[in-house]
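Student: Please take a close look at one part of this model, the nonpolar core. I would like one connected account of how it is put together and what surrounds it.

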Amino acid sequence: MARIKPQQLLMQSKKKKGPSRVSIPAILTIALFTLFLIFSLIGTYRHWHNRPKNQPDMDLVFERSDLTTQTEKPSVSKYAIIETGKGAITMELYKDASSDVVEKFIELCKKGHFKGMLFHHVIKNYVIQGGESQGDTAPHDWILNGKNGAKLTTSPKHEAFMIGTTKLNPNRKGFDIFITTAPIPDLNEKLLIFGRVIKGEDVVQEIEEVDTDEHYKPKSPVGIVDISLKEDL
């Protein structure tokens with residue numbers, strides 16, 4: 001078996017232990033990839049660092065806006081159905097024009113205040129009156145003033161089939177209902193109009209035709225059976 005010379009052994013040992021060389025293109029590739037990774041991390045950090053400062057506030061505003069919309073949207077009765085002994089009368093409520101009167105009217109309707117209320121004055125071609133003020137002299141005054149009505153200016157509020165309540169004794173607990181059956185110019189200082197008849201004009205006219213005595217009180221009782229409230233028709 002041939003012997004290996006010491007010099008050859010030394011050369012083989014150097015070849016095995018010597019480090020392998022890395023090429024220049026490989027170094028450039030690694031450097032570019034490292035730079036790309038660093039810039040990507042910086043961009044991602046800036047994106048997520050800035051987002052919490054703006055996005056949660058926007059979400060909070062939307063949530064509060066939705067909550068405000070829900071709390072500020074209570075149900076509102078826009079119509080009332082007056083059931084009478086002659087039939088039903090549908091009225092539209094003028095809440096924007098007479099909010100306090102309408103609110104009181106709605107409150108009394110919910111308490112059943114108008115159940116069984118009689119129309120105690122029926123004045124043909126003028127008004128139908130129901131309520132507690134049976135001794136009120138207002139209807140008689142309207143008849144006298146009506147004779148000179150042609151000289152007065154008619155308000156659009158006080159045409160036929162308007163519904164109002166008297167301005168007299170505003171602090172009393174009762175509530176009078178007046179339904180006009182003709183334009184009445186002199187009611188501006190007496191009535192607060194809070195609605196108008198939109199269906200059932202024929203019922204109003206039928207009530208207007210009932211027989212009355214010399215004090216304009218119906219000889220046969222006629223009145224309100226009940227009043228129901230509606231948001232829509």
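Tutor: In this predicted model, the largest nonpolar core has 30 residues, and those touching the most other members are F105, F114, I177, F194 and I227. Two or more core residues come from each of these elements: strand 1 (79–84), strand 2 (87–93), helix 3 (99–110), strand 3 (119–123), strand 6 (177–180), strand 7 (191–199), helix 5 (201–208) and strand 8 (224–230). Helix 3 gives the largest share, six residues.

I227 shows how the parts meet. Leaving out residues up to four places away in sequence, I227 touches A80, I81, I82, F105, C109, F114 and I177. F105, F114 and I177 in that list are also among the residues with the most core partners.

F194 leads on to a polar residue. T165, in strand 5 (residues 162–166), touches F194 as well as V101, F175, D176, F178, K190, L191 and L192, with residues up to four places away in sequence again not counted. T165 has a relative accessible area of 6%, under the 20% limit, and therefore counts as buried. The T165 side chain reaches the backbone oxygen of D176 at 2.6 Å.

As for the chain around the core, five helices and eight strands follow the order α-α-β-β-α-β-β-α-β-β-β-α-β from the N terminus. Of contacts with a separation of 6 or more, 70% join residues 24 or more positions apart. Buried residues make up 32% of the 233 in the chain. The exposed area is about 16200 Å², with 55% of it supplied by carbon and sulfur atoms.

Terms used:
Residues are numbered from 1 along each chain as its sequence is written. This is a predicted model: local features need pLDDT of at least 70, side-chain atom pairs count only at pLDDT 80 or more; totals for chains, interfaces and linings use all residues. Side-chain values use heavy atoms; hydrogens and water are left out. Helices (H or I, at least four residues) and strands (E, at least two) are DSSP runs, numbered from the N terminus. Buried means under 20% relative accessible area, exposed over 50%, partly exposed in between (1.4 Å probe, protein chains only). A polar contact is a pair of N or O atoms within 3.5 Å; within protein, one must be able to donate a hydrogen and the other to accept it, and residues adjacent in sequence count only if both atoms are side-chain atoms. Contact means heavy atoms within 4.5 Å. A nonpolar core is a set of buried Ala, Val, Leu, Ile, Met, Phe, Trp, Tyr and Cys residues joined through side-chain atoms within 4.5 Å. Accessible areas come from the Shrake-Rupley method with a 1.4 Å probe; for residues, only the protein chains shown count as cover.
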